[in-house]
Every structure is written in structure tokens, then in C-alpha cells.
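Biologist: Please take a close look at the ligand site and describe what is around it.

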Amino acid sequence: MKNKILEKFKTLFGEDGTLYMSSGRINLIGEHTDYNGGYVFPGAINFGIMAAIMPNGTDKVKVFSIDFDEFVEFGLQEEDKPNQQWARYIFGVCRETIKRGGKVGGFNAVFAGDVPLGAGLSSSAALESVFAYALNEINGNGIEKFELAKIGQSTEHNYCGVKCGIMDQFASIFGKEGSLIRLNCKTGEYKYFPFHPKGYKLVLLDTCVKHELASSAYNKRRESCERAAAAIKKNHPEVDFLSDANRLWLDEVRDQITQEDFLRAEYVIGEVQRVLDVCDALERDDYETVGEMMYQTHFGLSRLYEVSCEELDFLNKLARKCDVTGSRVMGGGFGGCTINLVKEELYDGFIAAAKEQFAQRFGHEPKVYNVVISDGARKL
Ligand code: GLA
């Protein structure tokens, strides 16, 4: 990938570009908690996006995407928003940097990646982060890392229509080899947890299902949570986010909110606690508890939060049958992957069963990703 990018850069622009890289992410537990001010527990992975970049002394951005085989040129004013979705991420990062007082001049770039698209591994956060990080460096802006993550998040909000939380961009920027990061999304406090589950493998199974309406369904979930939090706040003014509430306080407003909003909130309140329980269990090397929590999360995401689908539920059930320690839908949902914590001696049998039985039921095999927890955004 590296040489391809550098060669293309040279062919297109007649000089060498500087290489930067950022990563996709997994999340062990803590799903849909970030925009509710709760905890998440992600890590960056060995699938990422690499970009060669160099200022060009103009006020134009010229970018070539190797994967889309497409060249786009745009200006840096608000009205210059490009039509191509992939280019909007880069444009958004430029605009959000400028809005924060950062300098962004014209530049040339070529990029490519190996984060599967639509699999729930945050290819978009990887794209935002690699450009947020690189533009910060090449323009000498000195923007703090957390703010770089927020630049990516605001890009999603303001240029891509997804009201996402901070998890993906945070993981992509802060990722560290061999560690998961527990982030308190309300305070921004975070802690690295070395993650080397001895005797276990972490494997993702990609259903290859992509939900067309995923972003509007995602935004709807967020609105449900905000309505539930607002109802609870009437009784308990200290509640700004659902993560500030508890189950009893939610029960108090059961008649004041819709059944749907109630179920969404019930899931979130449970999930915030599960992240803490998983971190405690990890400190004891108690992977059975970690796994059990993952199954509980899957149940919640499927039945209460309703972001699963038939294919994901099928893989989750199969994992249980194969004695996989933990399994659940990962990321925003509506398709994409399950994340599975499986004992090494059961791995081959599980993967074989998943391929065979999934293919029998849905006509194609799931894709298998053996992820390694890796570093986040960096210069190469
Ligand atoms: C997507 C969003 C994140 C987070 C997850 C669900 O990946 O981008 O902010 O909300 O869904 O946990």
C-alpha cells in the first residue's frame, strides 16, 4: 500500500509526499454509550488508512483516492463542499480545523486503505483522523489530540449527517499497540488497559450486510436517548446524559416516555455499567465474565436498542452454540460485524461452523478478520 501511494503521488504531483497513517477500531464493550456521556472501551486496529500529503502553495486541495480511483479538487471555503462522499470527509476536516482557528492551506494528497467499508470498523473515522492529524502537523497548528478527534466527530455531524459520538475518532487518534482504552465520554478522562487475553483470540465476523438507512436510524436512537434523559432531568436536575441516571430514575418516568424510548434508555443504562464490570473483570483475568457481558450487550442491542439484524443474531447464536466465550454485534449496528472472544482451542471449529452454517442460511460466507490492536494516528 505504502509504495503504491508514494508512486501515485510522484506521478500525479511530480514530487514526494509525507506519509501518515491512522486506524480503524474495534470496541470490546460500551456500544451507543458515547453520545450518552458513558464509557466506551475501544482500541485501534491493524486495518487503516494511509495518506501521502504535501502543501501545494495554492488555496486548492487536490486529492486522489486509490480505492475509488477518483481525483477530486476543491477549495477551502464553506461553499466549496465536494459532491463525492469520500471527499466530504476530507473537506469537513479542513473546515473544522479552520473553524478552530487552525491554518489550512492548499495541499496535494493520495490515500488508500484496507479498513473494510460499512463493516462497522470506522473507516470514516480513520479517514478523518489521518487528515486531521496530518494537517495539524504540516500546518504547525499545535491542536491537542482530543480536539483532533473532535474535528473528525464534527465532520460527521456537519458534513456527513451522522450525529455520532466521539468513540471512533478518539480510538483512531489515541490508539496504542496492545491496549484498549476506557474513555469516559462525559469528562474525557481515559485509561489504557493492556489487552493480551492469554489462550483466547479476538475475531470479527463480517456479515457483509450494509443498511441503507443506518445513519438516520442511528440519529433516531440518539434522539430517543435525549428525550429519555430530558424526562428524567425533570425529577433529577443533575442528569445531563443518560449515563448520569440509574434504573430507578428511569422507572419513575416510564409513563411519561414512549415504550420505545424507555427500552433504548434501559439498554444504555445497563451498558454503561457493563463497561465498568468488564474492566474490573479484565484486571482479574476473568474472561468468562468479560464474555458473558458481551452476550448481555448483544441481547440489549438486539432486543432493546434494536440495531441488530437477522444475520448478526444468527452469528451470535451460533457463537453460543460453539461455546465461544463472548460475542456481540459491534459498532453502530444495522449490519457489519460481530466481535468474538474465543478460546484458542475452539477457534478453528467455530470459524468452520460459522462459514458453513452462515453460507447455508444466507448464501455467502461471513468474512473473517483477525484483528491486532495497534497504534492510532501517526507519521510514518
Ligand atoms: C458508531 C458511532 C460511534 C458510536 C458507535 C456505537 O460507530 O460513530 O460514535 O456511537 O456507533 O457505539
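Modeller: What follows goes through the ligand site and then its place between the domains. This is a predicted model, in which local features need pLDDT of at least 70, side-chain atom pairs count only at pLDDT 80 or more, and totals for chains, interfaces and linings use all residues. Residues are numbered from 1 along each chain as its sequence is written, and side-chain values use heavy atoms, with hydrogens and water left out.

The shell around the ligand (residues with a heavy atom within 4 Å of it) consists of Arg25, Glu31, His32, Asp34, Tyr35, Cys164, Gly165, Met167, Asp168, Tyr218, Gly331 and Gly332. By class, four are nonpolar, four polar and four charged, where Tyr, Cys and Met count as nonpolar, Asp, Glu and Arg as charged, and the others, Gly among them, as polar.

Polar contacts are pairs of N or O atoms within 3.5 Å. A side-chain N or O atom of Asp34 is 2.5 Å from a ligand oxygen, and a polar side-chain atom of Glu31 is 2.7 Å from an oxygen atom of the ligand. At Gly332 a polar backbone atom lies 3.4 Å from a ligand oxygen. Of the 310 Å² of accessible area that the ligand has on its own, the protein covers 91% (Shrake-Rupley method, 1.4 Å probe).

An automatic or database assignment divides the chain into domain 1 (2–196) and domain 2 (200–370). The ligand lies between them because both domains give residues to its shell. Their C-alpha centres are 25 Å apart.

How values were computed: Polar contact = N/O pair within 3.5 Å; in protein donor to acceptor, adjacent residues only side chain to side chain.
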